[in-house]
Amino acid sequence: MRLLDRYVLQNFLIPFLYSTCGFLAIWLVFDLSDNGHDFIEAHVKLTTLAYFYFTQFPQILVICLPVGLLLALLYSLSRMSRANEIISMLTAGQSVLRVMLPLFVFGLATALFSLALNYKLAPHSDQQRKILMDRITKGKERTDEIEQQLFRNRMDNRTWLVQVIQEKQNTVKGVDITQQDADGNIVTKWYADRGVFNPDDHSWTFIRGKQVNFDKQGNILNEVDTWLRGTKRITGWSETIWRIVSTNEDPQDLSVDELKDYLKFNSDFPAVRLAPFRTHFWYRWSVPFQCLVVIFIAAPLGIVYSRRGVLAGVAGCIFIFASMGFIEKLFLAFGKGGYIPAWVGAWTSDFIFLLVGCYLLYLRANNREFPMPRFQWKKR
C-alpha cells in the first residue's frame, strides 16, 4: 500500500468509526429508554443484557454502515479540501480516481461485510429479539406451537389440516390429510393423532390413525389401513415441517437460504403471493451494495476546490441520500405488489444512484461544476 493510500484511509477511518459507533450508541440509548423499565423489573444480568443487544447488532449495522460511510466521507474529504491537501495531490500528478481508489476498495469491503450479515444474521435478529424478550420479561421460553394450520401442496394435490404444530420437535398433532387427483376429486384421506417428521430421510411417522379411500363421487370405498394402536411410516412426500409452517412466514424475517427454499417448495403459489418473497430475495443482495453506491455519491461531492462549495456539496449529498431511500422504498413496494419484476424492484435504486455517482465523479475528475440550481436575489 502506498503512502498516499494510507494517508487517505487514515483520515477517513477515524470519522467512520466515530460516526458508526455514534449511531449504534444512539440506537442503544433509545432502545434502553423503551425497554429499560422491563429489564430493571426482571433483574436482568449484565451478561444476559449484553447478549440480547449483541443479537441485534447485525440488523442495526446493515442500516448504520451506509450512513456512517456518508458522514465520514463528507467530513474527511471536505476537511482535506479546506486544507488544500486534495489540490496538492492533484497537482502532484494524481487523478481524482487514483486518490479515491482506497475509499472505493474500502466501500467494496464494507459492502461484502454487510452482505455477510444480511445473508442470515440480520433477518433473524427480529425473531431473536422476540424470543429473548419473552425469556427476560416473562421468565419463560417463547412457545413454538402454531395452532390451526392449513397447508395446500398444489404440486402433489395434498391438503394438510393440522391442529397444533411443534416446529422444534418436528411434530404435528391432530392431522387430517386429503389426497386429490388431477381433477380435484378426493382419493384418499389420512387421519392421525400425531405425526413426526424425520429430517434425515424425509419420512413421516403417523401415530394412532387410519387411511380411508374414496371413489369419484366421494363415497367411502374402504378403510384399507388402520393403525389405531400403532404407527405408520410414509416416505416420498415432499412436505416438511418448515414447509408447512412457512406459509405464515413474513419474507423480511427469512434468510437467503430460507427464501430460496420457500420459492422452490411453493412455486405453485400464485405470482402475487410469491412477489414479496422474490423481491426480498433480491433485496437481501442489493441492500449491502448501498455502501458502495454511497462512496460513488459522497466522494465527488465531498471534494471541493473552494471554501464556498463545502456547504453545497454536503447539502447536495444529503438530499441525494434521502432521495435514494425514498426511491428504494417506492420500487420495493412495486416489486412486492407484483407490478414490476422482483429484481427490478430491489436493484433499481442502487442502479440509478450508481449512475448518478459515476456522473458526479466524471464531472469532478474533469474539474467541471455540478449542475446545481443557483438563486439570485433582485434588488428593489
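A residue counts as buried when its relative accessible area is under 20%. R158, at 6% relative accessibility, is therefore buried. Please keep in mind while reading that this is a predicted model.

**R158 and the salt bridges**

Let's stay with R158 for a moment. Side chains of opposite charge can pair when their charged atoms come close. Eight salt bridges turn up in a search of the whole structure, and the table lists some of them.

| Pair | N to O distance | Citation |
|---|---|---|
| D156 and R158 | 3.4 Å | side-chain salt bridge |
| E239 and R158 | 2.9 Å | side-chain salt bridge |
| R233 and D201 | 2.6 Å | closest N and O atoms |

The partners of R158 sit in contrasting surroundings. E239 has a relative accessibility of 0% and so counts as buried. D156, at 29%, counts as partly exposed. The salt bridge between E239 and R158 has a 2.9 Å N to O distance. This pair links distant parts of the chain, 81 residues apart: E239 belongs to the loop between β6 (220–234) and α6 (241–245), while R158 is in strand β2.

What about R233 and D201? Their closest N and O atoms are 2.6 Å apart in a salt bridge. Here too, distant parts of the chain are linked: R233 is in strand β6 and D201 in the loop between β4 and β5, 32 residues apart. R233 is exposed, with a relative accessible area of 52%, and D201 is partly exposed at 35%. Which residues are joined into one network by salt bridges that share partners? They are D156, R158 and E239.

**Strands β2, β3 and β4**

R158 also leads us into the strands, as it lies in β2. Strand β2 spans residues 158–166 and pairs with β3 in the antiparallel sense, over eight bridges. One bridge joins I165 to V172 in β3. The two strands form a hairpin with four residues between them, and N170 in the turn has a positive phi of about 55°.

On to the next pairing: β3 and strand β4 (residues 186–198) are antiparallel as well, with nine bridges. V172 appears again here, standing opposite G195 in β4. β3 and β4 make a hairpin with five residues between them, and G184 in its turn has a positive phi of about 90°. How much of β3 is buried? Seven of the 10 residues of this strand (residues 171–180) are, so β3 is largely enclosed by the rest of the structure.

**Aromatic residues**

The whole structure holds 22 aromatic pairs. F52 and Y53 form one that is edge-to-face, with 4.9 Å centre to centre and 80° between the planes. F52 is buried at 0% relative accessibility, and Y53 is buried at 6%. Y262 and F277, by contrast, are stacked: their centres are 3.9 Å apart and their planes are at 15°. Y262 lies in helix α7 (residues 256–265) and F277 in helix α8 (residues 271–286), so this pair ties together parts that are 15 residues apart in sequence. Both Y262 and F277 are buried.

There is also an aromatic cluster, formed by W160, W190, F197, W204, F206 and W237.

**Loops and surface**

Which residues make a nonpolar surface patch of about 470 Å²? F326, L330, F334 and Y339 do. F334 is located in helix α10 (residues 309–336), and at 35% relative accessibility F334 counts as partly exposed.

Two loop residues have a positive phi although neither is a glycine. N84 has a phi of about 60° and is found in the loop between α3 (57–82) and α4 (85–91). With a relative accessible area of 42%, N84 is partly exposed. For H202, phi is about 55°, and its place is the loop between β4 and β5 (203–214). H202 counts as partly exposed, at 41% relative accessibility.

Finally, V44 is in the loop between α1 (3–41) and α2 (46–54), and is partly exposed at 21% relative accessibility. Leaving out residues up to four places away in sequence, V44 touches F39, L49 and I136. The C-alpha atoms of V44 and T137 are 8.6 Å apart, although 93 residues separate the two along the chain.

Key. Residues numbered from 1 in each chain as written. Predicted model: local features only at pLDDT ≥ 70, side-chain atom pairs only at ≥ 80, totals over all residues. Heavy atoms only, no water. Phe/Tyr/Trp six-rings, centres within 6.5 Å; stacked < 30°, edge-to-face > 60°. Buried < 20%, exposed > 50% of the residue type's maximum accessible area, 1.4 Å probe, protein only. Pairing = 2+ DSSP bridges. Patch = residues over 30% accessible without salt bridge, like charges linked within 9 Å, V, L, I, M, F, W, Y side chains within 5 Å. Areas by Shrake-Rupley, 256 points an atom, 1.4 Å probe, with all protein chains shown as cover. Salt bridge = Lys/Arg side-chain N within 4 Å of Asp/Glu carboxyl O. Contact = heavy atoms within 4.5 Å.
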